[in-house]
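This report concerns pockets, cavities and selected backbone features in a protein model. The sequence and coordinates are shown below.

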Amino acid sequence: MEDSVKILTILKQVPDAEARVRAQDGAVDLDGVTFVIDGMDEYGVEEALRLREGGSAAASVEEVVAVALGPQRFEEALRTALAMGADRAVHVETDAALDPVAQAQVLAAVAREEGADLILVGGKQADWDSAALGAAVAESLGWPLSDWTTELTVEGDGLRTRHDTDDGSEALELPLPAVVTTQQGLNEPRYPTLPNIMKAKRKELAKRTLEEFGAPAAKTVTVRQEIQTRERLGKLVDGEPEEAARELARLLADEAKVLS
Amino acid sequence: MIDFELTEEQRQFQSLARQFAREVIKPVAAEHDREESYPEAVVRRGHELGLLNTIVPESVGGLGLGSLDEAIIGEELGYGCMGIYTIFMASELGITPLLLAGSPEQQERFLAPLLSGPKLAAFALSEPDNGSDAGAMKTRAVFDGDDVVLNGTKMWISNGDRAEFTVVFATFDPAQRHRGTLAVVVEKGRQGFSARKLHGKLGQRASPTAELVFENVRVPRANVLGEPGDGFAIAMRTLDRTRIPVAAGSVGVARRALDEALGYASQRHAFGKPIAQFQAIQFKLAEMKIGIETARWQTYHAAWLADRGEPHGEAAAIAKAYASDMAFRSADEALNVHGGYGYVNEYPVEKLMRDVKLNQIYEGTNEIQRLVIARGLLKRLLE
């Protein structure tokens, strides 16, 4: 029976959803792109903080630790989590390109070292739209998984969750320790306030190396990257509303062929 | 030593302010402009996030942000809506005289209570008959025992009808001109004090502007900042600092104008291609970019000097005049890019132009800024 729960929240720093990304010479060119904390992961940070702020009486949260595995810029996502209210952060800093399974091995090692009871991570990672990381971490640790979670409570020494399936949703019960992947609908992440941004400066952000966690090699190698781009037509229909609507209907029927 | 990099913390301030501008300010800006209404929910949220009254010192429980921090945040809020940003900015303007000349006791008494809610401060210098010529102020202060008694009228006072306190400048000896002035804190609700909200402004209509009337308003002498005689100097030192956020807000407006122009120019077609492909449009966009970058660095430079405690009056005057003139031109050019659509309020560019016009006027007209700059140039030559 766990008296108090230690939560790990896994983060990435990814291109802003509004950023225009190009591929050049078979690799994505991130020059000049603005990065933000992965929105999917942010739900996890928020949920950890809500659990600590006393969701259910049974859950006393010992600590919320933000963890990131990736290049230097990921530090900013960790700072954001600290400013939102996480207690401290661990950054396994590497420029190595690791696939989700290799990443999961490192993150599982961090979780073991930290003695984590609950791991929160985004349902999918916005950088390559992989939805594998949470599942791979659970697999690595041999822990139960609730993916695409929209409701979460800690009850006794287990969790009750609701998660999305293709056709609807399911209510789950799972024992701790466990992995939960988060998504839209779970909560509304808070803004890091100015005072908390300033307090975050004094919080611990530990830098670790990949070697300290066994430096697993990537199991898959990305040979070439391309980005699917489809130019918008960018057609503006001007004029009086009735006239413009008629023209729009004609275009949808004759040119786009989506109306008959 | 030159370092153009923002600190990690400043980048976070920036991203918070940017998010706030995008999600909280921008969606309601047009409505408050149209209705000339006070954006109460925005100010409340701003307070919750710590974006209001940021320069209140740590010694009384505030965040104690510096001038550069304020400029970084100001640019983002100005991007969202200059009128709404003026509410935040004018409150910092009301706080600044207390930072410069308030005793620890006065800072504690007046600034600490501001932190408990979405509360505002104000600064009252201009009068119906004088603005740039502040030394000619007519509002009278008469000492009476332990009190100061005020009579007169102040004009164009941002936040004046809502402020918890207003720093009022008055003359106790008109014969001494500047040297016969004082700065005194007048709390909301003092007997004989009334505020009338002004209507019909061209722009920045979300920001409340008031006329303040003082009829035998009695405040304790302990509310006087510094010594009697310091009034004018306190006002000028305050404006030397607060012109920096005016410049920052202007940069925000110009950036918004550029973004709107870019968006429209890449969508709108003429002669078979997006108008962004015509040099006539490209030159306008490039000109805006030139202005934004140069104005931002001048603003940061002035803020940096202020934070180091170095003379910054001239740098702030350059930043304020240059940034606000540049922002007005940018809004004008963005409107040109939009053609007829720019002239109606369905698109946000006409509001940018109306709003930023005020940045050329308040906190010292741009003509006054040029006087400040020229005086510095000629000081030694003409002495």
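The sections that follow treat a pocket, two cavities, three backbone features and one buried residue.

## Basis of the report

The structure is a predicted model. Every value given here is computed from that model.

## The second largest pocket

The second largest pocket holds about 1,300 Å³ of space. Its lining comprises 44 residues, and those closest to the centre of the pocket are B:Leu239, B:Arg243, B:Glu363, B:Gly364 and B:Thr365. By class, 20 of the lining residues are nonpolar, 14 are polar and 10 are charged.

Several elements of chain B contribute at least two residues each to this lining: helix H4 (82–101), strand S3 (147–158), helix H6 (231–267), helix H8 (313–338), helix H9 (349–357) and helix H10 (366–382). The most is given by H10(B), which supplies six residues.

## Two cavities

Rolling a probe the size of a water molecule over the atoms reveals where empty space remains. Over the whole structure, the search yields two cavities of 30 Å³ or more.

The largest cavity has a volume of about 70 Å³. Its lining consists of B:Leu51, B:Thr54, B:Glu70, B:Ile73, B:Gly74, B:Leu77, B:Tyr85, B:Phe88, B:Met89 and B:Glu92. Helix H3 (67–80) and H4 of chain B are the elements that give two or more residues to this lining. In terms of class, six of the lining residues are nonpolar, two are polar and two are charged.

The second largest cavity has a volume of about 40 Å³. It is lined by B:Ile55, B:Glu70, B:Met89, B:Glu92, B:Leu93, B:Thr96, B:Arg241, B:Thr242 and B:Pro245. B:Glu70, B:Met89 and B:Glu92 thus line both cavities. H4 and H6 of chain B each provide at least two residues of the lining of the second largest cavity, and H4(B) gives the most, with four. This lining divides into four nonpolar, two polar and three charged residues.

## Backbone features

In chain A, the peptide bond between A:Leu176 and A:Pro177 is cis, with omega at about 0°. A:Pro177 belongs to the loop between strand S11 (169–175) and strand S12 (178–182) of chain A.

In chain B, two residues other than glycine have positive phi values. For B:Trp156, phi is about 65°; this residue is placed in strand S3 of chain B. For B:Asn159, phi is near 65°, and the residue lies in the loop between S3 and strand S4 (165–171) of chain B. Are these two residues buried or exposed? B:Trp156 has a relative accessible area of 57% and is therefore exposed, since the threshold for that class is over 50%. B:Asn159, at 0%, is buried, because the class covers values under 20%.

## The surroundings of A:Leu118

A:Leu118 is located in strand S8 (residues 118–122) of chain A. Its relative accessibility is 0%, so A:Leu118 counts as buried.

Which residues does A:Leu118 touch, leaving aside those up to four places away in sequence? The contacts are A:Val5, A:Lys6, A:Ile7, A:Leu8, A:Leu51, A:Leu159, A:Leu176, A:Ala178 and A:Val180. One of these, A:Leu176, also takes part in the cis peptide bond with A:Pro177. A further relation in space links A:Leu118 with A:Asp157: their C-alpha atoms are 11 Å apart, while 39 residues separate them in sequence.

Definitions and conventions:
Residues numbered from 1 in each chain as written. Chains lettered and ligands numbered in written order. Predicted model: local features only at pLDDT ≥ 70, side-chain atom pairs only at ≥ 80, totals over all residues. Heavy atoms only, no water. 1 Å grid on protein atoms, 1.4 Å probe; cavity = no way out; pocket = protein on both sides within 12 Å on 5 of 7 lines; lining within 4 Å. Points joined across faces, edges and corners; volume = space filled by probe spheres on them. Nonpolar A, V, L, I, M, F, W, Y, C, P; charged D, E, K, R; others polar. Buried < 20%, exposed > 50% of the residue type's maximum accessible area, 1.4 Å probe, protein only. Contact = heavy atoms within 4.5 Å.
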